[in-house]
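I spent some time with this model and kept notes as I went. Here is what I looked up, entry by entry.

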Amino acid sequence: MMKDKKEEGGDGSSNIQAENVNVYNGITYKDAKEIALDVFNSNFIRLKSEAAQIAAERAEEITEKIVKELNEKSPESLEEFKNPAMQDALFQTQKEYAKSGDEELGNLLVDILVDRAKTQERNMLQLVLDESLLVAPKLTVEHFDLLTLNFLLAQTVNQRIRNLESFTIYIKKHIIPFADDLRNERTTFNHLEYLGCGHIRVGDYGQLEESFKRQYKAMFSKGFSLEDFENEVGDFENSKTFIMPCLHDRSKFQMNTLSDTVLEEQMTNRNINQQDKNKLKAFFNKTTMNNNEIRKYIISIDPKMESLFDLWNNSSLKKFELSGVGISIAHANFRRKTGETLDLSIWIK
């Protein structure tokens with residue numbers, strides 16, 4: 001907890017505490033915390049003896065986290081504590097943590113609330129974040145992880161993947177943390193659907209091998225010789241700009257593009273005619289691993305991926321289409337476990 005510090009200065013001077021250095025002259029850390037605790041104490045149900053003490057301690061703990069996070073990341077957002085809508089969102093977070101004491105839920109709610117405080121305009125994102133604070137306490141950690149995996153594997157492309165090393169880091173740091181102890185139960189997805197986190201659609205996103213290939217095709221090249229490339233694609237102007245040394249075998253070459261989508265953009269930007277476009281796309285497909293080879297390679301990075309392949313390919317996870325609430329909870333869980341932040345406004349507008 002923060003300790004009050006007495007400071008002295010001459011007439012007209014301004015003093016800045018070392019733990020509260022903000023070039024912002026609105027509501028202070030201490031003021032925000034007092035407002036937040038007053039909101040809880042004024043609204044929470046009256047409990048008896050030991051239960052009341054436990055609830056008060058949990059409320060102070062979660063309030064400290066909230067104010068500290070905002071003070072560090074967006075001190076100007078502390079001003080939102082004066083607004084009724086924000087106080088209601090704040091109380092929802094305090095109330096749920098006071099009841100459960102679940103640390104993982106508490107951290108997730110803090111993450112959502114920080115985003116909510118920074119979203120001052122009443123728009124779709126603010127509404128979704130408010131609803132997420134109500135829905136998240138009705139979910140388990142397994143639900144959080146399933147939403148996050150669906151979000152990462154079906155909705156996002158990691159633009160920092162440029163080689164096998166960065167792909168390995170992506171698997172180990174962005175996927176594996178969410179892949180433990182997941183079960184294939186229909187009721188799990190029915191519950192997520194019931195709470196408005198998304199819906200089970202008629203179609204699906206395809207096998208997980210296909211999803212990886214669609215997003216990161218360059219990671220699965222089998223390689224080819226320069227002679228093979230010239231024989232099948234030709235030697236038209238700038239054709240060699242489409243190839244690079246193979247990531248898996250430096251004695252060979254591979255297509256110098258991350259995915260089919262990126263290849264299409266590259267060909268259009270270089271004014272490649274349709275005939276040569278078709279040759280490049282066909283050669284890209286021909287020299288890429290098949291699904292079994294892709295699966296085997298990814299499992300070699302981390303054996304835990306085998307159970308994720310089985311879960312995705314044989315459950316409603318590949319059919320689940322996230323709502324805004326599902327995306328915001330997935331994003332908060334992703335940040336909670338990885339420490340990395342994505343821009344929610346890309347998906348929720």
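**Entry 1: an open pocket**

I began with the second largest pocket, which holds about 230 Å³ of space. Its lining has 14 residues, and the closest to the pocket centre are T156, V157, N158, Q159 and L342. I then checked which elements give two or more residues to that lining, and they are helix 6 (141–155) and helix 7 (164–175). By type, the lining of this pocket divides into 7 nonpolar, 5 polar and 2 charged residues. A reminder to myself: this is a predicted model.

**Entry 2: closed space**

Next I wanted to know how many cavities of 30 Å³ or more a search of the whole structure finds. The search gave 1. Its volume is about 40 Å³. I wrote down its lining: L146, L147, N150, F189, L192, L317, F320 and L322. Helix 6, helix 8 (186–194) and strand 4 (320–322) each supply at least two of these residues, and helix 6 has the largest share, with 3. The cavity lining comes out as 7 nonpolar, 1 polar and no charged residues.

**Entry 3: the nonpolar cores**

The largest nonpolar core has 82 residues, and I looked for the members that touch the most others: they are F167, F212 and I329. Helix 4 (103–118) gives the most to this core, with 8 residues. I followed F212 a little further. Leaving out residues up to four places away in sequence, F212 touches L153, F167, Y170, I171, K217, F220, I298, M305 and F309. There is also a second, separate core of 13 residues, with F229, F242, I243 and L263 among them.

**Entry 4: helix 14**

Two of the contacts of F212, M305 and F309, sent me to helix 14 (305–313). The buried residues there are M305, L308, F309, L311, W312 and N313. I asked what covers them, and the answer includes helix 6, helix 7, helix 9 (208–216) and helix 13 (291–301).

**Entry 5: helix 15**

I checked the length of helix 15 (324–338) against what its residue count predicts. At 1.5 Å a residue, its 15 residues should span 21 Å, and the end C-alpha atoms are 21 Å apart, so the two agree. Is this helix mostly covered or mostly open? It is mostly covered, since 11 of its 15 residues are buried. I listed the buried residues as V325, G326, I327, S328, I329, A330, H331, A332, N333, F334 and R335. What covers them includes helix 4, helix 5 (124–135), helix 6, helix 7 and strand 4. Just after helix 15 comes G339, and its phi is positive, near 80°.

**Entry 6: a glycine in a loop**

My last stop was G196, in the loop between helix 8 and strand 1 (198–200). Is G196 buried, partly exposed or exposed? Its relative accessible area is 33%, so G196 counts as partly exposed, the class between under 20% for buried and over 50% for exposed. Its contacts, not counting residues up to four places away in sequence, are S323 and V325; V325 is also on my list of buried residues in helix 15. I also noted V135, which is 61 residues from G196 along the chain, with 8.2 Å between their C-alpha atoms.

Note on methods: Residues numbered from 1 in each chain as written. Predicted model: local features only at pLDDT ≥ 70, side-chain atom pairs only at ≥ 80, totals over all residues. Heavy atoms only, no water. 1 Å grid on protein atoms, 1.4 Å probe; cavity = no way out; pocket = protein on both sides within 12 Å on 5 of 7 lines; lining within 4 Å. Points joined across faces, edges and corners; volume = space filled by probe spheres on them. Helix = DSSP H or I, 4+ residues; strand = E, 2+ residues; numbered from the N terminus. Nonpolar A, V, L, I, M, F, W, Y, C, P; charged D, E, K, R; others polar. Buried < 20%, exposed > 50% of the residue type's maximum accessible area, 1.4 Å probe, protein only. Contact = heavy atoms within 4.5 Å. Core = buried A, V, L, I, M, F, W, Y, C linked by side-chain atoms within 4.5 Å. Expected span 1.5 Å × (residues − 1).
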